[in-house]
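I am opening a notebook on this structure. The entries below follow the order in which I looked things up.

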Amino acid sequence: QVQLVESGGGLVQPGGSLRLSCAASGSIFSIYGMGWYRQAPGKQRELVASITTGGSTYYVDSVKGRFTFSRDNAKNTVYLQMNSLKPEDTAVYYCHAIGTSVWGQGTPVTVSS
């Protein structure tokens, strides 16, 4: 069973940046697309961004131009670079191997002054 481990969350001021990482325990990026999701308190988990096995990316409108999804196949790691962060970006962020039941444990992001 593949495992995903996120890191990089934390507390940041509005307008700041964070880079989230998600390390996979095996070479799965050629098999599965990957997604970053987030869940804010009292809200449903939502897809933030995704990347296909071919490298095509998708972003939800609210993060377009601010977030960038990248992948390092050699390190079995995907990243979510988050710039110009807003308080409404506050949530627990999860990575997910699309089409599987595999999720990471989540990393919290808090955007506050």
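**Entry 1: the disulfide**

Which hand does the disulfide of C22 and C95 have, and why? I note at the start that the model is predicted. I looked for disulfides and found one in the structure. It joins C22 to C95, with 1.9 Å from S to S. The torsion about the S-S bond of C22 and C95 is about 60°, so the disulfide is right-handed. I then looked up where the two ends sit. C22 lies in strand β3 and C95 in strand β9, so the pair ties together parts that are 73 residues apart in sequence. I also checked whether the two cysteines are covered. C22 is buried, at a relative accessible area of 0%, and C95 is buried, also listed at 0%.

**Entry 2: another pair, for reference**

I looked up G26 and G99, which are 73 residues apart in sequence and 16 Å apart in space, taken C-alpha to C-alpha. G26 is found in the loop between β3 and β4. Is G26 buried or exposed? I counted a residue as buried under 20% relative accessible area. At 18%, G26 is therefore buried.

**Entry 3: the sheet of four strands**

I traced the strand order next. Four strands form an open sheet in the order β1-β3-β8-β7, with antiparallel pairing. Which strands stand at the edges of this sheet? They are β1 (4-7) and β7, and each has a single partner strand, so one side of each is left without a neighbour in the sheet. Neighbouring strands here are turned by 15° against each other on average, direction ignored.

I followed β1 in detail. It pairs with β3 in the antiparallel sense over four bridges. I noted two bridge partners in β3: A23 for V5, and S21 for S7. The faces of β1 divide by residue: L4 and E6 make up the covered face, while V5 and S7 make up the uncovered one.

**Entry 4: the sheet of six strands**

A second search gave six strands in an open sheet, in the order β2-β10-β9-β4-β5-β6, with mixed pairing. The edge strands are β2 (10-12) and β6 (57-59), and each pairs on one side only. The twist averages 25° from one strand to the next.

I spent some time on β4. How many of its six residues are buried? Five are, so I entered β4 as mostly covered. β4 and β5 run antiparallel and are joined by five bridges. On its other pairing, β4 meets β9 in the antiparallel sense over six bridges. Y37 shows both pairings: its bridge partner in β5 is L47, and its bridge partner in β9 is Y94. The hairpin of β4 and β5 has six residues between the strands, and G42 takes a positive phi near 75° there.

I then checked β9 against β10. These two pair in the antiparallel sense over three bridges, and V92 stands opposite P108 in β10.

**Entry 5: an arginine in β4**

R38 caught my attention in strand β4. Is R38 buried or exposed? With a relative accessible area of 6%, R38 is buried. I looked for polar partners of its side chain. One polar contact, of 3.5 Å, joins the side chains of R38 and S62. Another, of 3.0 Å, runs from the side chain of R38 to the side chain of Y93. Leaving aside neighbours within four places in sequence, the residues in contact with R38 include Q44, E46, V48, F67, E88, D89 and A91.

**Entry 6: the nonpolar core**

Last, I looked up the largest nonpolar core. Which of its 30 residues touch the most other members? They are M34, W36, F69, L80, M82 and Y93. The elements that give two or more residues to this core are β3 (18-24), β4 (34-39), β5 (46-51), β7 (67-72), β8 (77-82), β9 (91-97) and β10 (107-111). In general, nonpolar side chains tend to be buried together in soluble globular proteins.

I picked M82 from that list for a closer look. Not counting residues up to four places away in sequence, M82 touches G16, S17, L18, L20, R66, F67, Y93 and V109. Y93 thus appears in two of my entries: as a contact of M82, and as a polar partner of R38.

Key:
Residues numbered from 1 in each chain as written. Predicted model: local features only at pLDDT ≥ 70, side-chain atom pairs only at ≥ 80, totals over all residues. Heavy atoms only, no water. Core = buried A, V, L, I, M, F, W, Y, C linked by side-chain atoms within 4.5 Å. Buried < 20%, exposed > 50% of the residue type's maximum accessible area, 1.4 Å probe, protein only. Contact = heavy atoms within 4.5 Å. Pairing = 2+ DSSP bridges. Axes fitted to C-alpha atoms, helices over the stretch in contact; angles between N-to-C directions. Polar contact = N/O pair within 3.5 Å; in protein donor to acceptor, adjacent residues only side chain to side chain. Disulfide = S-S within 2.5 Å.
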